[in-house]
Amino acid sequence: QSYDSAGGAWSSSRFEAHQIGVNSVSWAPAESGGARRLASGGCDNLVKVWKLNPDTQAWECEATLEGHQDWVRDTAWAPGVGSEEGLTLTSGSQDKKVIVWRTPPGQPGKWTKAQVIPFPEVVWRLSWNLLGKVLAVTTGDDKVALLQESLEPGEPGGDGEAAPAAPTLKPVTTFETANAKPVVLC
């Protein structure tokens, strides 16, 4: 959707994203090259990454991410500098899992499942802090979990040297929304 200031009207476009329904949609962080992306989560257990074709102004499916066993309830992009540094997208599902999807630097269409985080209940919503270092997750048992990114050394290679550190999300705290107290993160 875009606003035409000369004509004073909004324009919109629609496209079929998922066969049996869409539960979530989220915009990717702005990129220096101007690429526009969004992610959708559906009742078909899939996450899809869409890219706007600047020539046709049509949304094209750039990637279909499989990994959930039930409805995808939410998708959230980690704030960042764009595809030059690699993109991070998270998805939360009825299957009680959060999946962290990542692309290598400069390869925005090549997604990998970087981490699967199980929860005791259905995952409802996801939200990153402004720096993209803490992910808030709400679940069906009225709890909010805060997960903070940390660097873990990779597996040793054939030469015995550890691979470069790979970012992972680690639990910081969980609290019930009915008894919420302020949480301070450094």
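**Exercise 1.** In this predicted model, determine whether Glu 149 counts as buried, partly exposed or exposed, and then establish which residues its side chain joins in salt bridges.

*Solution.* Begin with accessibility: the relative accessible area of Glu 149 is 22%, and since buried means under 20% and exposed over 50%, Glu 149 counts as partly exposed. Next, look for basic partners. One of them is Arg 102, which forms a salt bridge with Glu 149 in which the closest N and O atoms are 3.5 Å apart. The two residues belong to distant parts of the chain, Glu 149 lying in strand 13 (residues 143-152) and Arg 102 in strand 9 (residues 97-102), 47 residues apart. Another partner is Lys 133, whose side chain meets that of Glu 149 in a salt bridge at 3.3 Å, N to O. Lys 133 sits in the loop between strand 11 (123-128) and strand 12 (134-139), while Glu 149 is in strand 13, so this pair ties together parts that are 16 residues apart in sequence. Finally, put the contacts together: Arg 102, Lys 133 and Glu 149 are linked in a network of salt bridges.

**Exercise 2.** Classify the basic members of that network, Arg 102 and Lys 133, as buried or partly exposed.

*Solution.* Take Arg 102 to begin with: its relative accessible area is 14%, and Arg 102 is therefore buried. Then take Lys 133, which has a relative accessible area of 41% and is therefore partly exposed.

**Exercise 3.** State how many salt bridges the model has, and describe the one that joins Glu 62 and Arg 37.

*Solution.* The count comes to three salt bridges. In one of them, the side chains of Glu 62 and Arg 37 meet at 2.8 Å, N to O. This pair links distant parts of the chain, with Glu 62 in strand 6 (residues 59-66) and Arg 37 in strand 4 (residues 37-42), 25 residues apart. As to accessibility, Glu 62 is partly exposed, with a relative accessible area of 25%, whereas Arg 37 counts as buried at 3%.

**Exercise 4.** Explain why strand 7 can be described as largely enclosed by the rest of the structure, and identify the bridge partner of Thr 75 in strand 8.

*Solution.* Consider the residues of strand 7 (residues 72-77): six of the six are buried, so the strand is largely enclosed by the rest of the structure. Turn then to its pairing, where strand 7 and strand 8 (residues 88-93) run in the antiparallel sense over five bridges. Within this pairing, the bridge partner of Thr 75 is Ser 91 in strand 8.

Definitions and conventions: Residues are numbered from 1 along each chain as its sequence is written. This is a predicted model: local features need pLDDT of at least 70, side-chain atom pairs count only at pLDDT 80 or more; totals for chains, interfaces and linings use all residues. Side-chain values use heavy atoms; hydrogens and water are left out. Buried means under 20% relative accessible area, exposed over 50%, partly exposed in between (1.4 Å probe, protein chains only). Helices (H or I, at least four residues) and strands (E, at least two) are DSSP runs, numbered from the N terminus. Two strands pair if DSSP finds at least two bridges between them. A salt bridge is a side-chain nitrogen of Lys or Arg within 4 Å of a carboxyl oxygen of Asp or Glu.
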